[in-house]
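Colleague: I am new to reading protein models, and I would be glad if you could take me through one slowly, feature by feature.

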Amino acid sequence: MTMTNFSRRHFLRGAGVALALPWMESLAKAAASDQPPLRFACVYFSNGIDPKRWSAKGEGAAMEFGESGAPLTAIREDIVFVKGLYNHQAFTNPSPHMGRMANMLSGARVSADPSDIRVGTTFDQILAKQIGAQTALPSIALGVEPNELRLEDGLSMIYGSNISWVSPTKPATKEIYPARVFDALVDDGKGRRLDRSILDAVLDDTHSIQPRISGSDRKKLDEYLESIRDIEKRIDRAGKEERLEGWRPTLAKPNMPRPADEIPQDPPDHMKLMMDLVVLAFQMDKTRIATLMLNNDLSQMNFKFIPGVRGALHLDLTHNGKSPELQQMYLKTNQFHMQQLVYMVNKMKSIKEGDKTLLDSSLLLFGSNLYDGDAHGANEMPLIIAGKAGGKLQTGRVLDYTDAGNDNRRACSLYLSIMDHFGVTLDRFGDTDQRLPKLWSAA
Amino acid sequence: MAGVSLEAITGQPSVAASYQTWEKVAAVLEQHRMPPKGMPQPTDEQRAAAIAWIHGELTAAARKNEGDPGRITVRRLTSGEYDYAIQDLTGLDLDTGIDASSDSVGGEGFSNFGDVQFMQDANLQRYLEAAKLVAAHAVVGAGPLTFYQDPGKTGFEMSAIARLKDIYTKQGFRTVSGEGGFPYGLEKYGKGFYAAWRYQHRAALGEPNLTLKDAAAKEGLTARWVEHLSTVVNRKDLGYPSSDMAARFQKLPAPNAGEKTVREACAELQKTVTTWPLWLFARGDAAVGGAGDESPLIINDTSLKVEGKRHFQFLRGGRGGGGGGGRGAPAGPPAVFINVAAVNPTAKGKPVIVWHNPTIGFRAGFGRGPAQPIAGDQNAADANGGAAGAVRRGLPPVPRVPLREAITEASATKLAFGKSIDGAPVGADDFEAEGNVSFEVKMPQGMTTFDFQADAEIGADRDQVFRVVFSDRADGNVRGIPTRGLLGDPASQGYQAFKNGVLELVSLLPPNSNTEPTPADKDPIPLPFDSTYNVPEHDEFDTTVKYIREDKFIYDHMLDDATRKRVDEAWTDLYASFEYHDHYVKLLSAHYKVDLHGKHISQLTAADLAAMPAEARHYMEPHIAEYKKVVAAQAAARPKRVEDTLDFAARAWRRPLTAQEKLGLRAFYDKSMTVEPDHQKAVRAVVARILVSPAFLYRVEQPSEVAAAKPLSSWEMASRLSFFLWASIPDDELRRAAAANELADADQVRKQVKRMAADPKARRMATEFFGQWLGFYHFDQSKGVDTSRFPEFTNEVRESMYGEAVSFFEHLVRKDRPVREILTANYTFLNQPLAKFYGVKQEIKSKNEMEYVEGVPNRGGALRLGAILTATSAPLRTSPVKRGDWVLRRILGSGTPPPPADAGSLPNDPKLFGGLSIKQRLEVHKRNATCATCHLRIDPLGFAFEHYDNTGRWREQYADGKPVEDSAAFADKTEVAGIDGLLKYLDTRQDQVLKTLARKLIGYSLGRTVQLSDQPLIDKLVAEGGNATMTQVLAEIAASKQFRYRPARETAAPSVATTDTPNRAATVKERLPLAPMNSQKAGLR
């Protein structure tokens, strides 16, 4: 599937700056093709892996994994196991957690100033700004744990709670309530008349406040204005059926019941439900960009739902003091994480869109921001890519950039390549301007 | 000290920009920590000169800009502030769905710091939903706009009935009611009599100018009520028994008897007044409290009907008997006791009753007989005037024996059959009696009980009225509904007078001030409906019409004007909340078999009415009229409700509205009505719109228009004060002060602070300020303890622990304690679960609420709060490093940098320490010099807490049995041992602690980071010392220029200029008195 390339002019402001681009009507028309659209999702797990057990070698059906990756055997032909990529700013940041998660998808530097929340726009949100206009929701950012309010090493846990950032200073709102996600997917704009009139009215309020306040305050209220306009746009678009010709999603209405209003008590259920909702969103074509955090960074979630495991993921199991018993449990959590990817891949594989599967048209990026979880290692990240990305990605390979030299193993190169494929071409992103060699195929 | 570049800061024109770095430089120079050992050292003079110069520059720069308000980025309400504002606006504690996920922390460590807040569409969506949710709780009716805990249509109805019940219960009284109704408010009689007495004797009491109103107010009563009582007891034209009551009032003790005596006498009078009607209808003790007798007390023309001759049937041991209270042969000899009281004092002759045809029917058991028409008791609920055709199951018939043959010799002699006392004709088998009657029955073999029947008739004196009650106990006690009745001659004048007298009493001094608006099952319903219990019409009334208004007495004689209005409004709302009158009319039409052709009450025409039978019309017309009144009242209220939304906006937006804004809100209402003509919906839409406005969500302050700081407006000051002390909107008193422009005056501000700090709302400082500062914010939701290892750390314990911390800081603020007690308090707050958890020996009375307790060993002050001790621990063990860091950062205000990424970590589970104590583990860590620099500062502070485990409990030894080590040494070898040692140490650092408190308060109250120009204020607060009270400190901050002024107009940010312009300010570098310390630069990097 191809997308019209946009002129560089649109992107001269560069990554890391809020891109407030108008909704491009022309985009909608340009997308009328009979092929399913490309989708991107990033699923994140926290607290890294045990390096001694993390490995892969071989190709296709012959791929073999270290102990942590054992569950991946079931999907080895659908994945690319990537070793050696890193974010330079994460590696050099003194804060072992807070400096290394929020920038996983942007390669930006996390601000050390507690009074200035700042990192970088993540590439999924750059994609959302470009292609998000074609769907009811530009993107969705899901999670299982709420934003935590405390300070960690003097820095706000906001950095550990959000993997998607719409701008350097603002994370994408992460939704942890399955019911709310569901409602956003089925919202058709009807019954929002009162909302529209309230929003119109408070828009006027804001306009009358603006002239009377200071410049920096005006910027804050600009966020408020932007929010009003975003909601109004969404209300307007929710009712529109954009596709007049070409490919249509295989689902017009959800094929699962509305989840209960409350947070699911059992974390694996919660995680599974969120994965289902991402898949549903893709299948209904309500969005094509999604991120999902299975846990917040340094998660204290007790992983006792895995047989044989007991303890908090971060303090007990990751920082296990090398106790053999705890290391075994940590291994089980790594495997559990792999099982979530397997679940999602298989689910997407089972959904047919014409003669392709949903997985065929998607690119999933699965991984963690830390490598050696105990040592907060950021010299590389454990990453797995799944899906065929519309046919471009050759799966069933192991890519190892460990010895390629620091300049040639930047995660941002991967992101630039992915963005290219979605038709968003930037000169530079994060800490590099290079694309990732050998990403798409062995050739 | 990573990240300090001397080059950069010396290139700036002023020390102010990087003042914190300069302070650090001076500190490390002072402490000889820099230059590090091994690097070239300055001479002592050079060191002293550099330090003095830095301090001098800092002080000068601080003084120069002292009180600069500083730039404060506009803040959005935090999640806590939003919820409190909604609470204060609506009076309700609603779950708005606005939670901490939209907050972030910054500045001096608080969520009200604008720079780190952000807004995006998902937040706004939540605010939109929350606003609509709040608006759904608005009660839009005849009275002023309020909010009720139930939303929507149901809430509208519930709110009205709740208001009515509240008014009636608070202002009225009830002696008795049906089905479980308990008496209340009767002291209004006693107190009312006392007030009337006091007024009457005011001259003799030395209060000649006492008004009736004041006398009433002193008793907590309305003037109207006391006036009424006063009028009644002074009337000369009353009949019996009211005359009796009035006479008793006049016989109240003289003024010199003393207040206590008089009050006791008034209470006696109260008892007489309220129990007389009960006594007349033989309600006895069972009636008060409703146990057994669930019938309501009805005193009207019908229930007072008498016959000259009346048939009584009394079943011994049946219901309405004595002892057994139910079915079963009672104890004692088979006897009957008839209590007869002559109640008409005007009757002159002998009070004699002729008992005609008395018979006994012996029975073996208590079978049920055929249905019979109701006989006897006309005060039962199933006989509201004796509805035609009502029946009751009677007793199976048995052979009857004349009484004279059935009783003992002694009894027969006593009764004197056939003898007339007063000349009235007496049959041979009849007997006459003056007063009580009793006789003993001879039980035949095989019989267990009997029933007595007779026709009682008034004797010769036809004016007599008798109260007759049957019992099978000598003391006359009766349980449940007794066999009873009134006997009198309806034709006699005496009886008429008596009846009128009773009705007069009930109208002047009733047992109940009003009828229950929601009648119970067995309560009567209005005519013409059938009040028989459990018949379709009664049930239909109860389920569709539901409410009855009978409140004439309380309305006319007790409520003041304002309350009358509220009662009327509540009834209007209640009638309007569902189709009350339409249901009523439909019920009437069914009762009279009138066909309304499906018409709604609003559609009935004069012709429809004319076509009805007269009786039907008689009942319909008032309801139609009332319906029209209700509709008119609701319509008249509409514009008022729209105006109410403007008041609501002024409160929510924390300032008066402009004319434009008022027009805009009214237009919003009009537009909503055009789209959908539903008034309640439209008003709610306006309310929602008000709560989404940036004027509500943001705390907007206007900058100065000139290049100098200017005072804030009154309204901006009011908001600053209320958000500072209450994390919410100003209250009415603050708004009044703002409108009167009082808040421009610093002394007035101090006064308000004093008032506000004592207010219950100041509890919010405990969570929003202290909670965030000291790290126990939202502790009640914390999951930091591994409860599988510590199952005793239950939700209840955690919540109680949170309550302990919150109550402690609430106490400090509201009771205006000295600030030193933050650390040194010797009291804490416990409830039973928490006391048990801590192992506290002292007795705690309170099961749930937190109770103030003094002198609990090892408790008291922030350092010993369970919430803080737990929050600074790891899930399975204590963390002296975390706790030490907490003291350093939170109490002493100096942080340490984060550990290096490869610092390694201690295992969470202490079982994995390899047999070493935690102190020993950390010693190993400290042998590494890099680690030592920080740990020698952190550990001594953290180890002091070791006696408190990771859930805040005191322990003498570790889990492995080794004794707790709670001391550690600083770099200079001084040791801190235990909390006492730590407190001593902190005492030597009191200035630093006070400085931290001052910084935190300034940061929290202003919503910005502290800057150099705040130093004089901080110094002032520190100088006041630890004995300054909370209010003093809070008032000092509120009265400061920083707090009361708005910043100067924003100019472009000054650049760090290095170009050679003629008048440029010298850079710091150029002003330094010493040669640049190039050789030491490397060490300081």
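**Reading a predicted model**

Modeller: Let us begin in a loop of chain B, where Pro528(B) is found between α15 (493-508) and α16 (536-545). Please keep in mind throughout that this is a predicted model.

Colleague: What kind of peptide bond joins Leu527(B) and Pro528(B)?

Modeller: The general idea is that most peptide bonds are trans, and that most residues other than glycine have a negative phi. Here the bond between Leu527(B) and Pro528(B) is cis, with an omega of about 10°. Another cis peptide bond joins Tyr240(B) to Pro241(B), where omega is about 5°, and Pro241(B) lies in the loop between α9 (223-233) and α10 (242-250) of chain B.

Colleague: You also mentioned phi; which sign does phi take at Leu298(A) and how should I read it?

Modeller: Leu298(A) is not a glycine, yet its phi is positive, at about 40°. This residue sits in the loop between β10 (289-293) and α9 of chain A. Lys438(A) is also not a glycine and has a positive phi, of about 65°, and its place is in the segment after α11 (411-421) of chain A.

Colleague: Is Leu298(A) buried or exposed, and is Lys438(A) buried or exposed?

Modeller: The idea is to compare the relative accessible area with a cut-off, under 20% for buried and over 50% for exposed. Leu298(A) has 3% relative accessibility, so this residue counts as buried, whereas Lys438(A), with a relative accessible area of 55%, is exposed.

Colleague: How would I read a whole helix, for instance α25 of chain B, and what length does it reach?

Modeller: In general, an α-helix has 3.6 residues a turn, so residues three or four places apart point the same way. Helix α25(B), residues 714-726, has 13 residues and reaches 17 Å from its first C-alpha to its last, which is close to the 18 Å expected at 1.5 Å a residue.

Colleague: How many residues of α25(B) are buried?

Modeller: Twelve of the 13 are buried, and the helix is therefore mostly covered, given that buried stands for under 20% relative accessible area. Among the buried residues are Met717(B), Leu721(B), Phe724(B) and Trp726(B), and also Glu716(B) and Arg720(B). Just after the helix, Ala727(B) takes a positive phi of about 50°.

Colleague: What does the rest of chain B look like in numbers, in helices and strands?

Modeller: Its secondary structure comes to 42 helices and 21 strands, and buried residues make up 53% of the 1085 residues in chain B. Of the contacts in chain B with a separation of 6 or more, 72% are between residues 24 or more positions apart.

Colleague: How many residues does each chain give to the contact between chain A and chain B?

Modeller: A way to read an interface is to take its residues, then its area, then its individual pairs. Chain A gives 61 residues and chain B gives 63 residues, and the area buried between them is about 5000 Å², of which carbon and sulfur atoms give 59%.

Colleague: How many salt bridges does the rule find across the interface?

Modeller: The rule finds three salt bridges, and in one salt bridge the side chains of Asp205(A) and Arg689(B) meet at 2.8 Å, N to O. There are also 13 residue pairs in polar contact across the interface of chain A and chain B. On the side of chain A that touches chain B, the largest share, twelve residues, comes from α7(A), and the residues of that side divide into 23 nonpolar, 19 polar and 19 charged.

How values were computed
Residues are numbered from 1 along each chain as its sequence is written. Chains are lettered from A and ligands numbered from 1 in the order in which they are written. This is a predicted model: local features need pLDDT of at least 70, side-chain atom pairs count only at pLDDT 80 or more; totals for chains, interfaces and linings use all residues. Side-chain values use heavy atoms; hydrogens and water are left out. Helices (H or I, at least four residues) and strands (E, at least two) are DSSP runs, numbered from the N terminus. The expected span of a helix is 1.5 Å times one less than its number of residues. Buried means under 20% relative accessible area, exposed over 50%, partly exposed in between (1.4 Å probe, protein chains only). Contact means heavy atoms within 4.5 Å. Buried area is the accessible area (1.4 Å probe) that two parts lose on being put together, summed over both. A salt bridge is a side-chain nitrogen of Lys or Arg within 4 Å of a carboxyl oxygen of Asp or Glu. A polar contact is a pair of N or O atoms within 3.5 Å; within protein, one must be able to donate a hydrogen and the other to accept it, and residues adjacent in sequence count only if both atoms are side-chain atoms. Ala, Val, Leu, Ile, Met, Phe, Trp, Tyr, Cys and Pro count as nonpolar, Asp, Glu, Lys and Arg as charged, and the others, Gly among them, as polar.
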